[in-house]
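Student: Please take one part of this model and examine it closely, then relate it to the rest of the assembly. A connected account would be preferable to a list.

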Amino acid sequence: MTGLGDRILGLGLLVLAVAYGWAAQQWPEPFGGAEGVGPETFPTILFVVLVAGSLYLMIKPDPDAQWPVGKSALELVVSVVVLVVYALLLEPLGFVLSTTLAVGVLSWRMGAAPKRAFITGLVSAVVVFVLFNYGLSLSLPAGLLEVH
Amino acid sequence: METIGFLMDGFAVAFTPYNLMFALFGAFVGTLIGCLPGLGPANGVAILIPLAFTLGLPPETAMILLTSVYAGAMYGGRISSILLNIPGDEPAMMTCLDGYPMAKNGRAADALAASAIASFVGSMIGTLGLILLAPVLAKFALTFGPAEYFALFMLAFATLGGITGKNQVKTVIAATLGIMISTVGIDISTGTQRYTFGVLELYEGIDFILAIVGLFAISELLFFVEHRMGGGRDKMTVGKLSLSLKELVSTIPTQLRGGVLGFIAGVLPGAGASLGSFISYTIEKQAVGKKGKFGEGDIRGVMAPEAGNNGAASGALVPMLTLGVPGSGTTAVLLAMLISLNITPGPLMFTQNADIVWGVIAALLIGNVLLLVLNIPLVGFFVKLLSVPPMFLLPIVTMVAFVGIYSISHSTFDLYFMVAFGVAGYFLRKLEIPMVPIILGLLLGPEMEKNLGHALVLSDGDWSILWASPLSIGLWVVAGAGLVLPYVVGPILRRRMNAAMKETPVSD
């Protein structure tokens, strides 16, 4: 079926819109009684617009985009995992180590030779760390490398 | 005459060594950002926002930095158009048509120099237009009431897809999603918690800066990963400059035409820089007639679109500064900076924050001179950087984005949020949901709701106030036209643009 992507998106947006619109009706009436515009008025309008838009997408979808399959998709998942792990390790490992790893892995996966990739990571990490901590006196976490 | 006084004050702000330094830095970084394929101006400005923020720059300096980046990116876009036949950003597309053939004929240096001069002229015309038009428009905008503002916001969203927009429904969906995200947090007027799910971090709403950086920078990285465009490109040689003064003088009318047309396209809602350069190119082609060798490396074919897109870039600042309603992605990102500096954009800015507005305008003028000076001798340096493969560059850019976001709040929660926005951005871009309306929705959502509320309080709950005055009716009509016209005119214009692209033998 063509336009599957848009149809799924439409369905997802419809669910989102309904949940969003429903939640808006649950808020307690603000103190002092209802006025012309309550906290739910604007979200309700948005709910209507999004429902209309998502129905249109499902009825008249655009042709599908090329979705990555196999190795490309795997590379994408790897990249996202690297970013999440980077955020996770930033404080415990410290900026320089985590950045070397993150930038290194990313540029290695994008096609650089592993050694050059990790050297790029290390150099950029040290430059940014020195620039931020000493040049701009904004502290980035030193982590394991912290000198007491 | 008042304007000249303000402009002088603006120069006084922009000429302080501190601000001048940031203008120079911005112009340099901007050119870099513009010339690297895949790092568009909106993207570049977005990454710099958190940095400008954490550095604790004073508002006028921060704005000067970012506008210089913006102007620089418009200059930089042409470099890869000419040398690689790949536009560095979308508006530079038309520059490929004659720029690349010129480079192939061994006149790369001439094409680069000529386009730098044309960019300068276009930008100057655009900035002069901005100086003349903005105060008038700001004064006019003071008569707007909340109902008019609400209609104006609708107009901004309706025309955002642009006259060449493909699927208007997707623009509407994107804008709605953006506004919906902006409703998260505690409602300002009633104190009701909306969509916070009891998560403390959500009480203050979702910070649009991290949404912007995620949607632009992280999704860009994912796109590069998917297309495996990590490898470098062939080295290009620039050659010697053989541009004669006579050639420059004879193309002055071209540059003037291009700049003026571009400025008009920039100011108008729904047109923007891409259309500006397209119109300048086609009109130039018609004006010159059969004498020109367009598509085979005519120098006028490089100068017209460059003057056009730089004129449009300054023109696009007019609605952003005077009405607080940006018409393009990059100006939307600039608006984000203003809002996070706690400056309410709109007509009042011209009176309440005159130093910032005029400082920025003066910085544009200075920035242009700096850019011209930077671009002619340093072009070789930028060309070298072009050959740095994205596989090293993009991870570093991503890291800078991480650092910027982290140093705002020192919380890793924000980083996860940013990555989530990046992944969402990737899927939405794949499905051709445009990013810019989402950003604009995020930025304008709270203002829209506030104005709607005010209008209805004034009318005692009568919704017809939204279209009660002639002015608001006019705005609604234009908004409606903006939504419907692309269905009528869009296919024709798109076909013409494609035809123009195909006329030239694009070969590698």
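**One residue and its wider setting**

Tutor: B:Asn342 counts as exposed, because it has 7 C-beta neighbours inside 10 Å and the cut-off for an exposed residue is 12 or fewer. The model is predicted, and the values that follow should be read accordingly. B:Asn342 is situated in the loop that joins helix H15 (329–340) to helix H16 (349–352) of chain B. Its backbone deserves attention: although B:Asn342 is not a glycine, its phi is positive, at about 70°. As background, most residues other than glycine have a negative phi.

B:Glu432 offers a useful parallel. Its phi is also positive, near 60°, and B:Glu432 is likewise a residue other than glycine. This residue lies in a loop of chain B as well, the one between helix H20 (412–430) and helix H21 (436–458). The surroundings of B:Glu432 are described by 16 other C-beta atoms within 10 Å, so this residue is partly exposed.

The interior of the model can be set against these two loop positions. Helix H9 of chain B, residues 208–227, is largely enclosed by the rest of the structure, since 17 of its 20 residues are buried. From its first C-alpha to its last, H9(B) reaches 28 Å, close to the 28 Å expected at 1.5 Å a residue. H9(B) nevertheless bends by about 30° at B:Gly214.

H9(B) also leads to the largest nonpolar core, which has 209 residues. B:Ile212 and B:Val213, together with B:Leu66 and B:Ile439, touch the most other members of that core. Helix H6 of chain B (residues 108–141) gives the core its largest share, 18 residues. The core also involves chain A: domain 1 (4–59) and domain 2 (71–145) of that chain both contribute residues, and therefore the core lies between them. Returning to B:Val213, and leaving aside neighbours within four places in sequence, its contacts are B:Ala46, B:Ile47, B:Pro50, B:Ala401, B:Gly404, B:Ile405 and B:Met418.

Chain A can now be considered in its own right. The C-alpha centres of its domain 1 and domain 2 are 40 Å apart. An unreviewed UniProt entry annotates residues 42–59 and 118–136 of chain A as "transmembrane region". Within the model, residues 42–59 of chain A are 100% helix and 0% strand, with 26 Å between the end C-alpha atoms. For residues 118–136 of chain A the corresponding values are 95% helix, 0% strand and 25 Å.

One residue of helix H2 of chain A is A:Val48. With 13 other C-beta atoms within 10 Å, A:Val48 is partly exposed. A:Val48 and A:Gln26 are separated by 22 residues in sequence and by 17 Å in space, C-alpha to C-alpha.

The two chains meet through 49 residues of chain A in contact with 50 residues of chain B. On the chain A side, at least two residues each come from helix H1 (4–25), helix H2 (41–59), helix H3 (71–93), helix H4 (95–109) and helix H5 (114–135). H3(A) supplies the largest share of that side, eleven residues.

In brief, B:Asn342 is an exposed residue with a positive phi, whereas 17 of the 20 residues of H9(B) are buried.

Notes: Residues numbered from 1 in each chain as written. Chains lettered and ligands numbered in written order. Predicted model: local features only at pLDDT ≥ 70, side-chain atom pairs only at ≥ 80, totals over all residues. Helix = DSSP H or I, 4+ residues; strand = E, 2+ residues; numbered from the N terminus. Expected span 1.5 Å × (residues − 1). Bend = angle between axes of the 7 residues up to and from the residue. Core = buried A, V, L, I, M, F, W, Y, C linked by C-beta atoms within 7 Å. Domains from an automatic or database assignment. Contact = placed C-beta atoms within 7 Å. UniProt positions renumbered as here; feature names shortened; annotations may be inferred.
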